[in-house]
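With the structure open in your viewer, please follow this tour one selection at a time.

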Amino acid sequence: MSNEDNEMLTMALSKGRIFEETMPLLEAAGISVNESPESSRKLILPTSDPRLRLLIVRASDVPTYVQYGAADFGIAGRDVLYEYMQEQPGGLYQPTDLNIAKCRLAVAVREGFDYEEAVKKGARLRVATKYVNVAREHFAKKGVYVDIIKLYGSMELAPLVGLADAIVDVVSTGGTLRANNLVPVEDVMPVSSRLIVNQAALKTRATRLMPILEAFEKAAI
């Protein structure tokens, strides 16, 4: 067995839906995970393969761990990757859209706010989001003048307390928007999660990586 065969592989994942929907893909590669990040405080989880471990990190940090080699590969949403690649272009290999954790980025406003009329009148809108690059590009294409306010969470609060006229955020079922008297008014982009790979690992650990990547790709079809 070569040194490469003995080396530990590291995969970066975030908690929640991406983690849950990645489990069947790992199983397709013959790998199981006995601990859940929801019930365990561990940030490094072992797998049934002693040469593969999982790093549990914030969704927005997955690309950073992979690009800089702390993880060999990982899974991240298109929303996160778009923002990351605007600031760090060309640093990640993205072989496959895995079609998991599907949702969408959308513009939402409080009930009763006439978004279409505001846009038609050429009003300058304040938009709260953590997806600054996506939002700026979306409104620029529409010719809408906006002031972007960057927030890191609880986006739904911004229109309710007068911080912003609108938000750009991930929408899945729309339940959180409805619970906070907000309505989606415009889709920005569909979102699903992609496999991302460290470019150096792809060259130096191909023997170990490729069977897992290929199993993921087949399972995602």
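A residue counts as buried here when its relative accessible area is under 20%. The model is a predicted one, and the first selection is strand E1, residues 9-13. Which of its residues point one way from E1, and which the other? Leu-9, Met-11 and Leu-13 point one way, whereas Thr-10 and Ala-12 point the other way, and all are buried. In a regular strand the side chains alternate between the two faces of the sheet. Because five of the five residues of E1 are buried, the strand is largely enclosed by the rest of the structure.

Next, add the neighbours of E1. Strand E3 (residues 52-56) runs parallel to E1 and is joined to it by five bridges, with Thr-10 standing opposite Arg-53. Strand E4 (73-77) also pairs with E1 in the parallel sense, over two bridges, and there Ala-12 stands opposite Gly-74.

Now widen the selection to the whole sheet, which is open and mixed in its pairing, with nine strands in the order E2-E3-E1-E4-E9-E5-E8-E6-E7. Strands E2 (44-46) and E7 (146-150) stand at the edges with a single partner strand each, so one side of each has no neighbour in the sheet. From one strand to the next, the twist averages 25 degrees. At the E2 edge, three bridges join E2 to E3 in an antiparallel arrangement, and Leu-45 is found opposite Leu-54.

Select the helices that lie on this sheet. Helix H2 (residues 17-28) lies across E1, E2, E3, E4, E5 and E9, running at about 155 degrees to E5. Helix H6 (residues 132-142) touches E5, E6, E7, E8 and E9, and its direction makes about 130 degrees with that of E9. In helix H4 (residues 78-87), the buried residues include Val-80, Leu-81 and Tyr-84, and the buried residues of this helix pack against H3, E4, E5, H6, E8 and E9.

Then return to Met-11 and show its surroundings. Among the residues that Met-11 touches are Leu-26, Leu-54, Phe-73, Ile-75 and Phe-216. These five, together with Met-11, have the most contacts inside the largest nonpolar core, which has 27 residues. E1, H2, E3, E4, E5, E9 and helix H10 (206-220) each supply at least two residues of this core. A second, separate core of 20 residues includes Cys-103, Tyr-115, Val-144 and Val-188.

Finally, select residues 58-216, which an unreviewed UniProt entry lists as the ATP phosphoribosyltransferase catalytic domain. The end C-alpha atoms of this span lie 22 Å apart, and the span is 37% helix and 35% strand.

Notes:
Residues are numbered from 1 along each chain as its sequence is written. This is a predicted model: local features need pLDDT of at least 70, side-chain atom pairs count only at pLDDT 80 or more; totals for chains, interfaces and linings use all residues. Side-chain values use heavy atoms; hydrogens and water are left out. UniProt positions are given in the numbering used here, feature names are shortened, and annotations may be inferred rather than shown by experiment. Helices (H or I, at least four residues) and strands (E, at least two) are DSSP runs, numbered from the N terminus. Two strands pair if DSSP finds at least two bridges between them. Axes are lines fitted to C-alpha atoms, for helices over the stretch in contact, and angles run from 0 to 180 degrees between N-to-C directions. Contact means heavy atoms within 4.5 Å. Buried means under 20% relative accessible area, exposed over 50%, partly exposed in between (1.4 Å probe, protein chains only). A nonpolar core is a set of buried Ala, Val, Leu, Ile, Met, Phe, Trp, Tyr and Cys residues joined through side-chain atoms within 4.5 Å. Lists of a residue's contacts leave out its neighbours within four places in sequence.
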